[in-house]
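User: Hi! I'd like to go through a few labels on this structure and hear the reasoning behind them.

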Amino acid sequence: ATHVAFMQLDKVLSPIHRLSTYQPYQDILARNGKDRAMCPMYTLVLEELERQYRNQSDVFVEDNQCLTDVIMEKQAQELGEDRFDVEAAGDQTGWVSGRLTRQLNARDHGEEEKKE
């Protein structure tokens, strides 16, 4: 990638930034040692989201909390009640693509046979 733009929380696209001159990206690339980013673009996107949320919402109330922590906390809360959904659905026939259409067609076909 050579350029980046961000969808902002107000659903307005940011200006397009050239990565070779975009200072936040260059700062991420300059990190070394334990602070080195293994995936600089991913880090850039997460840090931009975090910056937007810090400025426009109350999601980040602690100084050391990051976006990943917030996401993982929400996922941890969802896991407990959803863990038996797959077993309860059995063979997953209710999730087969096109199931509703086939049921409606079968019903319509059955009604047509009754009329004849």
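User: Which helix is the place of Leu29?

Analyst: Happy to help! Keep in mind that this is a predicted model. Leu29 sits in helix 1, which covers residues 23–30.

User: What makes Leu29 count as partly exposed?

Analyst: Its relative accessibility is 43%. Buried requires under 20% and exposed requires over 50%, so Leu29 at 43% falls in between and is called partly exposed.

User: How far apart are the C-alpha atoms of Leu29 and Met41?

Analyst: They are separated by 9.5 Å, and the two residues are twelve apart along the chain.

User: Why is Gln52 called buried?

Analyst: Gln52, which belongs to helix 2 (residues 40–56), has a relative accessibility of 2%. The cut-off for buried is under 20%, so Gln52 meets it.

User: Which residues does Gln52 touch, not counting those up to four places away in sequence?

Analyst: Those are Phe6, Met7, Gln8 and Leu9. For Leu9 there is a further detail: its backbone nitrogen lies 3.0 Å from a polar atom of the Gln52 side chain.

User: And why is Lys11 called exposed?

Analyst: Lys11 has a relative accessible area of 70%. Exposed means over 50%, so the label fits Lys11.

User: Where is Lys11 found?

Analyst: Lys11 is in the loop between strand 1 (3–4) and strand 2 (17–18).

User: What is the phi of Lys11 near?

Analyst: Phi of Lys11 is near 65°, a positive value in a residue other than glycine.

How values were computed. Residues numbered from 1 in each chain as written. Predicted model: local features only at pLDDT ≥ 70, side-chain atom pairs only at ≥ 80, totals over all residues. Heavy atoms only, no water. Helix = DSSP H or I, 4+ residues; strand = E, 2+ residues; numbered from the N terminus. Buried < 20%, exposed > 50% of the residue type's maximum accessible area, 1.4 Å probe, protein only. Polar contact = N/O pair within 3.5 Å; in protein donor to acceptor, adjacent residues only side chain to side chain. Contact = heavy atoms within 4.5 Å.
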